[in-house]
Amino acid sequence: MDILIIKPSSMGDIIHGLQFAESLRSGIDNVKISWVSRELFAPLVQSCHTVDYTHVFHRKSSLRGFAKLIREIRQTPFDWVLDLQGLFRSAVLCKCARAENKVGRSDAREGARWFYPVAVPLPVTDPKPHALEILMEFKRLFDLEPTGTPPLRFDTTLSKANNTILGAPPSKRLMIFPESRRTEKEWPFFQELTGILLEQYPDLQLVWVATNTIEPKLPASDRFVNLSGCTGIEELPALIDSADLVLANDSGPMHLAAAMQKDVIALFGPTDPKRFGPWGQLHNVLAAPNADLSKLPVGQ
């Protein structure tokens, strides 16, 4: 069975989609999964064992580039096309693909609902379901229950430079992701916490990972490694796999750690952890008072 999944972005949404796809694979024999991913996230999708082939969607390309992507997709006939994104562009791709069955989301936006004949209903068990629970409902199309999320596996390694910088941790490694897509989702006290942990736990290595360069003001220590600004998305699975614990805001790396079934502590402010928390580890969420991360103290 050949399945095309359209889920170009964002990182957290793609991780949820991969979890759904891996769960689907575990219930269907001889399934081949192709994926449409935005270029920014394509290296992560390509390295995941769940996906057999990745079609790269260049979001900022011209209309000619979008037409080229459509022609590329149309070269392969599929048994199913699943639009997990539910937006206008993803629905157009679904419409243009060659497939016996085309399905999208019942909560699609931008008029996407008109582009496919079947829409998967939202879960009936909860008025505000988790983002992954919404996608897992697609399993019912294949007469499978929307349960079971095996860990995601990736073929990724650290760059030689980062592997040398990290070295072997003294005893335990705490991986910290201080970024998020929105500023109000970022806890402001990572620097203070890092200083306290360095002082109180001599066998703990602390590693900061971020897309942008961050230069915290901390005492010099060979147990603090700052990889901010020098790691690509393709290295994230290897970094997370090397950690004993991950600490993160509501972010893509948080979802990735949970999907790899790595222990994660998630810090939540304005977003609802019940809907967007680390799947399988909602008990490891620290929610800020009044949804304000500036009110979540270091001591807690």
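Visitor: Why does Arg-105 count as buried?

Guide: The relative accessibility of Arg-105 is 13%, and the cut-off for buried is under 20%. Because 13% falls under that cut-off, Arg-105 counts as buried. Please keep in mind that this is a predicted model.

Visitor: What makes Arg-105 and Asp-107 a salt bridge?

Guide: Their closest N and O atoms are 2.9 Å apart. A salt bridge needs a side-chain nitrogen of Lys or Arg within 4 Å of a carboxyl oxygen of Asp or Glu, so this pair qualifies. In general, side chains of opposite charge can pair when their charged atoms come close.

Visitor: How do you know whether Asp-107 is buried, partly exposed or exposed?

Guide: Asp-107 has 31% relative accessibility. Buried is under 20% and exposed is over 50%, with partly exposed in between. Asp-107 therefore counts as partly exposed.

Visitor: Let's turn to another pair. What makes Arg-38 and Glu-39 a salt bridge?

Guide: The N to O distance between these two side chains is 3.8 Å. The limit is within 4 Å, so Arg-38 and Glu-39 form a salt bridge. At 15% relative accessibility, Arg-38 counts as buried, whereas Glu-39 is partly exposed at 30%.

Visitor: How many salt bridges does a search of the whole structure find?

Guide: The search finds 8 salt bridges. One of the pairs is Glu-137 with Arg-140, whose side chains meet at 2.8 Å, N to O.

Visitor: Which residues are linked with Glu-137 in a network of salt bridges?

Guide: Arg-140 and Glu-145 are linked with Glu-137 in that network. Glu-137 counts as buried because its relative accessibility, 12%, is under 20%. Arg-140 has a relative accessible area of 43% and is partly exposed.

Visitor: Which residues form the positive surface patch?

Guide: Arg-59, Lys-60, Arg-89 and Arg-181 form the patch. Lys and Arg count as positive, so the patch is called positive.

Visitor: What makes Arg-89 accessible enough for a patch?

Guide: Residues of a patch need over 30% relative accessible area. Arg-89 has 38%, so Arg-89 passes that cut-off and is partly exposed. Arg-89 has its place in helix H4, residues 88–96.

Visitor: Ser-90 lies in helix H4 too. How do you know whether Ser-90 is buried or exposed?

Guide: Ser-90 has a relative accessible area of 3%. That is under 20%, so Ser-90 is buried.

Visitor: Why is helix H9 described as mostly covered?

Guide: In H9, residues 252–259, 8 of the 8 residues are buried. Among them are Pro-253, His-255 and Leu-256. H9 is followed by Gln-261, whose phi is positive, near 60 degrees.

Visitor: What makes strand E10 largely enclosed by the rest of the structure?

Guide: Strand E10 spans residues 245–249, and 4 of its 5 residues are buried, so it is largely enclosed.

Visitor: How do you know that E10 pairs with E7 and E11?

Guide: Two strands pair if there are at least two bridges between them. E7, residues 172–177, is joined to E10 by 4 bridges, and the two run parallel. E10 is also joined by 4 bridges to E11, residues 264–268, again running parallel. Each count of 4 meets the cut-off, so E10 pairs with both strands.

Visitor: Which residues stand opposite each other in these pairings?

Guide: Phe-177 has Ala-248 in E10 as its bridge partner, while Leu-247 stands opposite Ile-265 in E11.

Terms used:
Residues are numbered from 1 along each chain as its sequence is written. This is a predicted model: local features need pLDDT of at least 70, side-chain atom pairs count only at pLDDT 80 or more; totals for chains, interfaces and linings use all residues. Side-chain values use heavy atoms; hydrogens and water are left out. Patches are made of residues with over 30% relative accessible area and no salt bridge: like charges are joined within 9 Å, nonpolar side chains (Val, Leu, Ile, Met, Phe, Trp, Tyr) within 5 Å. Accessible areas come from the Shrake-Rupley method with a 1.4 Å probe; for residues, only the protein chains shown count as cover. The place of a charge is taken as NZ of Lys, CZ of Arg, CG of Asp or CD of Glu. Buried means under 20% relative accessible area, exposed over 50%, partly exposed in between (1.4 Å probe, protein chains only).
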